[in-house]
Amino acid sequence: AQAETQNVRRRAEKEAQDAKIYAATGFARDVLSVADNLSRALAAIPAELKDDEKFKGLVTGLEATGRELDSVFARHGISKIVALGEALDPNRHQAMMEVPSASP
């Protein structure tokens, strides 16, 4: 009976740990989406607006936010990987959809 109680306790601890890891992964995935949107917004700002004194503070703040997001990801072992144009590596990439290749 004692061994069974220990097994139940170990299983409950493992399930709680797995739930915590899964929750953290989901949160990281959501924040990555925010970081992607911020990067797209920064890339869309025309150069003349980046140099405009009226917008310089805004652009500087957005760039600082992007750097801080990158720093937070790095502290938690999350880094960018190059995937565009590379063959699918299931160890590093997640296929979202298939499209026909333009090359023969």
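**An all-helix chain and its overall form**

Read from one end of the sequence to the other, the chain follows the pattern α-α-α. The radius of gyration is 22 Å, well over the 13 Å that the globule rule gives for 104 residues, so the chain is more spread out than a compact globule. In total, the secondary structure comes to 3 helices and 0 strands. The model described here is a predicted one, and confidence in the prediction is therefore a helpful place to begin, since pLDDT expresses the predictor's confidence in each residue. For this chain the mean pLDDT is 84, with 97% of the residues reaching 70 or more. Among the elements, helix H3, covering residues 53–75, has the highest mean pLDDT, at 92. The lowest, at 84, belongs to helix H1, which runs over residues 2–44.

The dimensions of the chain add to this picture. Along its principal axes, the C-alpha trace spans about 75 × 45 × 15 Å. Of the 104 residues in the chain, 11% are buried. Contacts tell another part of the story: among those with a separation of 6 or more, 35% join residues that are 24 or more positions apart.

The surface can be described in a similar way. The accessible surface of the chain comes to about 9100 Å², and carbon and sulfur atoms contribute 58% of that area. As for charge, the chain carries 14 positive and 16 negative side chains. The centres of these two sets lie 6 Å apart.

Two residues of helix H1 serve as worked examples. Ala-24 lies in this helix. Its relative accessibility is 47%, and because partly exposed covers the range between 20% and 50%, Ala-24 counts as partly exposed. Between Ala-24 and Asn-7, which are 17 residues apart along the chain, the C-alpha atoms are separated by 26 Å.

Asp-36 also belongs to helix H1. With a relative accessibility of 41%, Asp-36 falls into the partly exposed class as well. A second distance can be read from this residue to Lys-56: the two are 20 residues apart in sequence, and their C-alpha atoms are 21 Å apart in space.

Taken together, the chain is made of 3 helices and 0 strands, is more spread out than a compact globule, and has 11% of its residues buried.

Definitions and conventions. Residues numbered from 1 in each chain as written. Predicted model: local features only at pLDDT ≥ 70, side-chain atom pairs only at ≥ 80, totals over all residues. Heavy atoms only, no water. Helix = DSSP H or I, 4+ residues; strand = E, 2+ residues; numbered from the N terminus. Rg over C-alpha atoms; globule rule 2.2 N^0.38 Å. Buried < 20%, exposed > 50% of the residue type's maximum accessible area, 1.4 Å probe, protein only. Contact = heavy atoms within 4.5 Å. Areas by Shrake-Rupley, 256 points an atom, 1.4 Å probe, with all protein chains shown as cover. Lys, Arg positive; Asp, Glu negative; His and termini not counted. Charge placed at Lys NZ, Arg CZ, Asp CG, Glu CD. pLDDT = per-residue confidence, 0-100.
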